[in-house]
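Biologist: Could you take me through a structure step by step, giving the general idea behind each feature before turning to the case at hand?

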There are 2 protein chains.
Amino acid sequence: MGVEHSGRADPDRILPLLWRHTRPVAADDSRPGLGRRRRLTLDAVVAAALALADADGLAAMSMNRVAASLGVGTMTLYTYVPSKADLIDLMVDEVLTERALPGPSEPRPEPWREQVALYAERTRAMYRRHPWLRHVSTVRPPIGPGMLAEREYVLSTLADTGLTPQQLNTAALAITAFVTTTASLETDSDELERSTGQSHDAWWQERTQLWEEYFDVERHPTMTRVWNSGGFDRGTTDQMATAHEFGFERLLDGIEALTTRAG
Amino acid sequence: MGVEHSGRADPDRILPLLWRHTRPVAADDSRPGLGRRRRLTLDAVVAAALALADADGLAAMSMNRVAASLGVGTMTLYTYVPSKADLIDLMVDEVLTERALPGPSEPRPEPWREQVALYAERTRAMYRRHPWLRHVSTVRPPIGPGMLAEREYVLSTLADTGLTPQQLNTAALAITAFVTTTASLETDSDELERSTGQSHDAWWQERTQLWEEYFDVERHPTMTRVWNSGGFDRGTTDQMATAHEFGFERLLDGIEALTTRAG
DNA sequence: AAGTGTAAGCGTATGGTCTACGGAAAAGGA
DNA sequence: TCCTTTTCCGTAGACCATACGCTTACACTT
């Protein structure tokens, strides 16, 4: 039914896998052509897992199904990947990289708010393409190329604003947290719409009618007032989007205020 | 290993259970003392589930274990609760209620920012007490007394600021989203610290040393600069807290600006 | 006091999950 | 040909939610 990210935390095994493309020699401590030949590549395993998770969700991405989709036995996967948690780390870093955020010396829009907007847009697109990201904790992310490219890009958008290093880091963290949270909530909603076949607004509508049975006007005067003044008229989806945009613009205003004070 | 919230979505069955304390008569369509006597109450089931989830996490809260802790068979629980998803909804509304946010005509601090701070504080305490909340989706919450009390309180903190009903609702949604997100991330970190026995900062430290093996200065000039200027010196936990507080204060500033413009 | 209707309690079965273990199979080198 | 090394993978153990249907307990009627 579900998924939680229980990190086995063995950096020595997972880091070489994460960095296999930029530093492929690192895992070359085994004699070249000795023993049975491999039928797959790690990339193929990650791609197959991604395809399943994208299509049916992280819960449906069992080791059984990944193996079956590759035509191998389940346990074969464990010769490519230490554990399922590690496979998920590899998937995450893969899709982080897919955003193709501009690197140093690559062209990017001006001014910095546009650069932040680019990051936000690509990140939201990433969550839409890979809704399962919602279920992956971000507090201990995979230390891979995709994650480092993100931090570099977000920091670099603010690099010329004259913030102190401390402020710069704080601001970058606030931006990342805000953007991923917003994307995560949007995704959550989309995912439920698909899995239940019921739109978000329809879900609320259904409950709105029912809760009138239980709603006590005395205990909820403000809600009642807002209700009667039409404050709830727009769909919930719409309202959430507006709320997030409002909050995000205020955060960027706040950062901008720091720069003018500093400069 | 994990948990996902797959809502069966049967409002007719779950709503009377959610509102059982404020409207106990609602479920009284069965003749009173007919048939075998119940061994438990719904409250006892919810309490037992809460105890397990608080202690060992939502993943460890299996129907098996809840039943065992109550000394009944597993399937007995299904005479109290339609499904596990519904049981989780009941747990959520229970802890939302536990915050005991001031109702209408109950004393509360002034000015409104202090009222918002009260909400934020209680909510964060709730997440600390019940870390499993992190894994429960908030986009389709249980429509129970606790959830309605929250919306009423947050809306009421802004009731006297002269915002339009639309603005009021948007602002309240932004505040709720921000607070729950922050609490959620903090909790996530705490939970991992307990379950892995490794502090957040220690985890980063361990990886920081290892990634120097893979870190490419050319590709990450800004990170390098921030690093060398000491921008990463404070612990990650600390930095995240600062970032969130910064963002939250900017959001409240933005709301305040709306009120002065309106009044 | 016996019988009956009703609801609660719960054992079993189904079809999943991850992964430890150990044996089988394939490849290169001697 | 045989040995070493590596991959491949079947089996098994210990979990999970819940559909189904039988057993048990209780209140009311006769």
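Modeller: The turns below go through the fold of one chain, then the contact between chains, then the surface near DNA. Please keep in mind throughout that this is a predicted model.

Biologist: How many helices and strands are there in chain A?

Modeller: An element count is a plain way to begin, and here chain A has ten helices and zero strands, so that its elements run α-α-α-α-α-α-α-α-α-α from the N terminus on. Along the principal axes, the C-alpha atoms of the chain fill a box of roughly 75 × 55 × 30 Å, and of its 263 residues 37% are buried.

Biologist: How many residues does each chain bring to the contact between chains A and B?

Modeller: The size of an interface is often given as the accessible area lost when the parts come together. Here the description is by residues instead, with 67 from chain A and 67 from chain B. On the side of chain A that touches chain B, the largest share comes from helix 7, which supplies 15 residues, and by class that side has 33 nonpolar, 23 polar and eleven charged residues.

Biologist: Which residues are closest to DNA strand C?

Modeller: A surface of this kind can be read by its members and by their classes. DNA strand C is surrounded by 26 residues, of which A:S62, B:G35, B:R39, B:V72 and B:G73 are the closest. Helix 3 of chain A, residues 63-70, gives the most to this surface, with three residues, while the classes come to eight nonpolar, eleven polar and seven charged residues.

Terms used: Residues numbered from 1 in each chain as written. Chains lettered and ligands numbered in written order. Predicted model: local features only at pLDDT ≥ 70, side-chain atom pairs only at ≥ 80, totals over all residues. Contact = placed C-beta atoms within 7 Å. Helix = DSSP H or I, 4+ residues; strand = E, 2+ residues; numbered from the N terminus. Nonpolar A, V, L, I, M, F, W, Y, C, P; charged D, E, K, R; others polar. Near = placed C-beta within 6 Å. Buried ≥ 20, exposed ≤ 12 C-beta atoms within 10 Å, placed from the backbone.
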